[in-house]
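Biologist: I'm new to this one, so could you put it up and walk me through it?

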Amino acid sequence: MRIGLFGGTFNPIHLGHLRAAVEVREGFELDEVFLIPAALPPHKRPGEVVAAADRLHMLNLALEDISGLEVSDVELNRSGPSYTIDTVHHFKAKLPDKTRLHLIMGLDAFLEINTWKSYEELLAQIPLIVINRPKAGSSLDEGPWKIMDEYITSKLSADYAYSPARSCYLAKHKQPVYVFEVTALDISSTRIRRQINQGRSIEYLVPQKVAKFIRSKGIYL
Ligand code: ATP
Ligand code: MG
């Protein structure tokens, strides 16, 4: 089995997350991608994050009719803030030994990975798939994104070298870090929360069931 782990706040889930997950699943021939909402995101102020149960519910609504994408509540069931390294250990312990795990994240998230708990162990434990987000970089046809190139070699390890044939960075004692372009959808949860707060529509930025739930519960107002 080939599995993708895609973590985030999902506050709320939107079509940018969903389209990216679908394209990575196809591109890397993954059997399943788990979307994993974080409990207390270490990098976000608690005040602007709605109840975990609501974020989880919206994820479940969003994935109801899609196969190959699943929700995992593992981080919500753990006490304290969510650390990706703990989640990776959880899946490694739970799944059969020959399962191939991949960690999926946007370039914006990757560019902060040196602040994550045990990030060096993380890079040694699991291959990463770093997806582009609009405005963050340029086309992969001209090589990997420049900002990524500078960051990975200066902040993570000078050992990393890009392999054009495999579209990934390779380094000794580290798992590959793949770069992958997905359809650029300039959608963020921040913008959705702001639009709701301003009384503007969020239709077609999130699945319709999610828009309906947000409206009926009156969250993010
Ligand atoms: P916020 O604005 O609150 O930070 P967000 O839209 O960035 O929300 P997160 O839950 O922070 O969503 O992101 C989870 C993961 O999804 C991150 O790795 C992020 O880079 C990625 N991601 C978010 N939006 C997109 C998008 N439009 N296209 C591709 N990846 C995305
Ligand atoms: Mg974000």
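**The cores and the rings**

Modeller: In the largest nonpolar core, which has 39 residues, Ile13, Val24, Leu35 and Met58 touch the most other members; such a core is a set of buried Ala, Val, Leu, Ile, Met, Phe, Trp, Tyr and Cys residues joined through side-chain atoms within 4.5 Å, and buried means under 20% relative accessible area, with exposed over 50% and partly exposed in between (1.4 Å probe, protein chains only). This is a predicted model, where local features need pLDDT of at least 70 and side-chain atom pairs count only at pLDDT 80 or more, while totals for chains, interfaces and linings use all residues. Residues are numbered from 1 along each chain as its sequence is written, chains are lettered from A and ligands numbered from 1 in the order in which they are written, and side-chain values use heavy atoms, leaving out hydrogens and water.

Biologist: Which element gives the largest share of that core?

Modeller: That is α2, with six residues; helices (H or I, at least four residues) and strands (E, at least two) are DSSP runs, numbered from the N terminus.

Biologist: And what is Ile13 in contact with?

Modeller: Leaving aside neighbours within four places in sequence, Ile13 contacts Leu18, Leu35, Met58, Leu59, Ala62, Val206 and Val210, where contact means heavy atoms within 4.5 Å.

Biologist: Switching to rings, how many aromatic pairs are there?

Modeller: The structure holds six, counting rings of Phe, Tyr and Trp (its six-membered ring) whose centres lie within 6.5 Å, with planes under 30 degrees apart called stacked, over 60 edge-to-face and the rest tilted. Phe6 and Phe10 are an edge-to-face pair, because their ring centres are 5.9 Å apart and their planes stand at 85°.

Biologist: Are those two buried or exposed?

Modeller: Both Phe6 and Phe10 are buried. Another edge-to-face pair is Phe110 with Tyr151, at 5.5 Å centre to centre and 70° between the planes, and this pair links distant parts of the chain, with Phe110 in helix α4 (residues 107-110) and Tyr151 in helix α6 (residues 146-156), 41 residues apart.

Biologist: Last topic: where is Glu23, and is it buried or exposed?

Modeller: Glu23 is found in helix α1 and counts as buried because its relative accessible area is 12%.

Biologist: What does its side chain make a polar contact with?

Modeller: The partner is the side chain of Arg19, at 2.5 Å; a polar contact is a pair of N or O atoms within 3.5 Å, and within protein one must be able to donate a hydrogen and the other to accept it, while residues adjacent in sequence count only if both atoms are side-chain atoms.
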